[in-house]
Amino acid sequence: MGNTQSPPVNPRFASASRAFTQKEIGDLRALFVSMAAQSQSNGRYISPSVFQAYFGLRGALGERLFDLVTQQRKDHKLTFEDLVIAKGTYEKGTNDEIEEFVYQLSDVTGDGALGRSDMESVLVMIFDDIFNVKSSEPGSSSRGDMVDIFLNAATFSRGDERCNDKSMSFEDFRKWCTLIPSLRKFLGSLLIPPDSGRPGSQVPKLLHLGNIDSSMLLLRKEYTWHIGGALSQQELVEWKLLYHSTLNGLSFNTFLGSITNDNGPTVLIIKDNEGYMYGGYASQPWERHSDFYGDMKSFLFQLHPKASIFRPTGANNNLQWCAVSFSSEAIPNGIGFGGRVNHFGLFLSAGFDQGHTFSCTTFNSPCLSKNSKICPEVIECWRVVRKGKQEERQDALKGTVLERFKEDRNMLNMVGIANASE
């Protein structure tokens, strides 16, 4: 008699709460109290403007995220329960739950159909957030052109009776995120404050000689972001230009000489005479072998006219190829990725004047160019400097007789004529 019952617990809130430790719940409570105070709501809710400012979100994407986090109540009030449920789903949920959330988030108009215009808006907002530069600045490209390049890899298969334009189904979206992992990383990390190193926002610093005109480089900032989506945080610090065919000459030996003194993973980029751009990430150094080698970190990619990444499927171990000065036709001299001998996913002959690209099961990749036979116009190679390696690089010997000797020995080993008595 006279007892008052507590309000029923929201089952979604109860379920989401179980995904967190007591300390994490306490941290979320402290965050909510702080943001609610800034919202001047007497500690009851977080306002849209405070939410978007804290998480560094602007425009339609920030508005759509707030709408989803508040369970589309349209009351402009984010409660503590909302925050826990959103964090529980968005960060602690299954991969399917997270991707479903990201799929709904990308529908910035909220009309239930993820159309091309939605994804155009999302990509523009992502580029503006990450690069924050005018399209005329060095190292940047036309936003519209870049948006088209990324959308060219997308499929819109879902019919819509309300209009003639097709939209992207959930399965279409998932496949596209596999091809554009940076997109999935970025959209899946928006409830992480930007100052804490939000995944999907990192773009490596590109190092090259000061006398190089940036307009000569194939690797644009947006392409760097795209390729980096398949790499770890430690590999998104600095990338160093080792070889550029316009500067160093279209020469296999010069290429090998440029990379042998700087072991580590590399990004190889090719622009062919059809205007297509593509390449591969080599996780292992380019070393002389008579067979395939490498590991499952390598991958192939396309940059233009569409952007895609193709990771190893595990179908075989034919990942990386580097044959130098072999006389057998069964061991073609050159460098490559995937497929099989004389039918590679990507191959450059030792003359550096021709090569080929075929569809391959190693990476489940298509022919990367317009035609299977390719004629390179420009070739670039960048060293991926892992975090923690910068200090080692600075301490390395440079210009000494010992270092020059080491470089020469590496080159001799590559071509197979080092002194066997050593």
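## Two aspartates in a predicted chain

At a relative accessibility of 11%, Asp67 counts as buried, a term that means under 20% relative accessible area, with exposed meaning over 50% and partly exposed lying in between (1.4 Å probe, protein chains only). The model is predicted, so that local features need pLDDT of at least 70 and side-chain atom pairs count only at pLDDT 80 or more, while totals for chains, interfaces and linings use all residues. Residues are numbered from 1 along each chain as its sequence is written, and side-chain values use heavy atoms, with hydrogens and water left out.

The two aspartates sit in helices, which are DSSP runs of H or I with at least four residues, just as strands are runs of E with at least two, numbered from the N terminus.

| Residue | Helix | Helix residues |
|---|---|---|
| Asp67 | H4 | 59-69 |
| Asp172 | H9 | 170-179 |

Leaving aside residues up to four places away in sequence, Asp67 touches Gln72 and Lys74, where contact means heavy atoms within 4.5 Å. The C-alpha atoms of Asp67 and Lys77, 10 residues apart along the chain, are separated by 9.5 Å.

Asp172 is buried yet has no salt bridge, and Lys175, the nearest side chain of opposite charge, is 5.8 Å away; a salt bridge requires a side-chain nitrogen of Lys or Arg within 4 Å of a carboxyl oxygen of Asp or Glu. With residues up to four places away in sequence not counted, Asp172 touches Thr155, Phe156, Ser157, Arg158 and Ser167.

For the chain as a whole, there are 15 helices and 12 strands, and buried residues make up 49% of the 422 residues.

Methods
Lys and Arg count as positive and Asp and Glu as negative; His and the chain ends are not counted.
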